[in-house]
Amino acid sequence: MATMTTEVLVIGSGAGGAVTATRLADAGRQVTVVEEGPWVDADAYEPFSLDEMVTKYRHRGLQGALGNPAIGYVEGRCVGGSTEINSGLYHRLPDYLSEAWQKKYDIDEFGPEPLARYATQVEAEIGVSTLPTAPPPSFAVLERGATKLGWRNMEFARVFRYDQAGRGTKQTMSRTFLPRAMAAGATVVPNCRVTRLERHAGRVVGIRAQRTHPDGGRENLRIHAEHVVVCAGAIHTPALLQRSGIRHNVGHGLKMHPTVKIAARFPYPIDHGDVPTHRVTEFDPHLTIGGSASLKGHIAMALAEATHDIAEPLADWENISVYYAAIRSEGAGRVIALPGMKSPLVTYKLTEADMSRLAQGLVHLGEVLLAAGATELYPSLTGGPVVRDLEGIGQWWDRATRGNTNLQTVHLFSTVRMGNNRALTGTDSFGRVWDHANLYVNDGSLLPDASGVNPQAAIMAIASRNAEHFLATR
Amino acid sequence: MLWFEREVVQALGSSTDQDTRSAVEAFVDGSLRAMPEVPRLGVLAETVLFGTYVKALAATGRLNGPEDLRVLLDRWESSRIGPVRLYVHVFRSLVLFGENELGSGVMGDAA
């Protein structure tokens, strides 16, 4: 068995892991980042395409939280993690949430002011911008519809940098923080899956991993590290901790933003190359409306949720785009590592209030799309119905049941919460796992509850904060 | 991919081009192999159950060919039983995504 030694081992290279590695390497610490997935050039594949799904998504995107109804979800599995596959929307954690979490979970040095300081630093480093040019038709749809209805709406910023011609480049971790960490001396090891943490007397004393070589050959690896920071995401961080025998408040209370969708047909062509950045915020914080990836394959799948007769609308796919309504769910789920299995069992239980909110989201999404000029709406309800006017939308209230509603999510959190309240949390206020001197979590698992917005900004700000605390104390 | 899973992919496909159908079948096969263990075991169990049922229907002359299977799958997708509905939903989504994203020749077939 090969061995490797490092001062700090970071497991996972997404928003949490990349920021952690950069902060520690910049401070002169010896850092090694191990990533289960491959290193894929950020420009290698069209965003949201089949090739990207096969190469960069965990399980090719075919994952789900079991429940009634089941909820499909996706995660990145490549160097850079989910920042390589998401739409790059950037939104700071709302102040009212950081205040509420600080009180409920008793989190030190948390709240609007401290987090704003770290967010400002991250934003300056990574590049956060709005569109420099007039929005394309798919972006303008929600603004037009919401304005007509008198609903609040706004363009969200993205982690994008734009050139003088207005061409945007998403600032993924493989383009930004990870190269910087490497320049400061960090080592990134792709295709390396950590299987277990070895513990003794409240310390992690070794890490078992398996590295896959380019020829497909596998090599078992034992890594020695003074400190271990787990940043494998809200599903695989708790799974790894559980496999290693750490279970106190680990894997409980999974939170997410369940999402319903509508494929909307317009009497004119809609662009399909990007994800719209405009959002309807009238129903914040519990309900957000926005745009989804809309390649032809996505449109075909969205149409088929409402009807099996998709040949005619699919022939007109260039006039169709997919939009979503996402809720901040009251329900919760679990991540359970099962003996002998690589992937954990994931469950999620929606409350009746969640189901009602999802129906409300679908109706409001339909209203705004019709106001924007859509002529036909295909909801993510098995059997639809497809509707063409406001009167038709009313049918969805009764149709949006547990048995008919097809749900997805891309935001997962809260499986190893942070804070001094040990009864509710799996780590202290800065991500150190309870009862362990050298084991930390620093990713979306730490968020005590659903963020209501894209969590990347919150994950990066909290990771930056925790890394600074680590440097000050270790 | 088991026998009945291949039958489902063929029944749900709309392309008339054999190369495209083969490519979609390979894509679905790869996706099923990539699934997490627990959901994949669930799909396998359903495949065995549904495949046996369909074979029994065929043996008694109540199901003749892919078109009949397609009608049956449409009915299952509206089932009140979640795992039954989800089984068809997963296969239909994979077939549609594959047909529409794998090759340019598929566009005309699907339309």
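**A quick tour of strand 17, the core and the A–B contact**

Leu287(A), Ile289(A) and Gly291(A) stick out one way from strand 17 of chain A, while Thr288(A) and Gly290(A) face the other way, and all are buried. Keep in mind that this is a predicted model. Here's a look at that strand, then at the nonpolar core, and finally at where chains A and B touch.

**Strand 17 and its partner**
- Strand 17 of chain A covers residues 287–291 and is mostly covered, with five of its five residues buried.
- Its neighbour is strand 18 of chain A (residues 320–327); five bridges join the two, and they run antiparallel.
- Across from Gly290(A) you'll find Tyr324(A), which sits in strand 18 of chain A.

**The nonpolar core**
- The largest nonpolar core has 163 residues, and the ones touching the most other members are Ile11(A), Val228(A), Val230(A), Leu303(A) and Leu369(A).
- Leaving aside residues up to four places away in sequence, Val228(A) touches Leu9(A), Ile11(A), Leu197(A), Val204(A), Ile207(A), Asn438(A) and Leu439(A).
- As background, nonpolar side chains tend to be buried together in soluble globular proteins.

**Where chain A meets chain B**
- On the chain A side, 28 residues are in contact with 24 residues of chain B.
- Strand 3 (63–65), helix 8 (296–306) and helix 9 (311–315) of chain A each chip in at least two residues to the side of chain A that touches chain B.
- Helix 8 of chain A gives the most to that side, with five residues.
- Sorted by class, the side of chain A that touches chain B has 13 nonpolar, twelve polar and three charged residues.

How values were computed: Residues numbered from 1 in each chain as written. Chains lettered and ligands numbered in written order. Predicted model: local features only at pLDDT ≥ 70, side-chain atom pairs only at ≥ 80, totals over all residues. Contact = placed C-beta atoms within 7 Å. Helix = DSSP H or I, 4+ residues; strand = E, 2+ residues; numbered from the N terminus. Nonpolar A, V, L, I, M, F, W, Y, C, P; charged D, E, K, R; others polar. Buried ≥ 20, exposed ≤ 12 C-beta atoms within 10 Å, placed from the backbone. Pairing = 2+ DSSP bridges. Core = buried A, V, L, I, M, F, W, Y, C linked by C-beta atoms within 7 Å.
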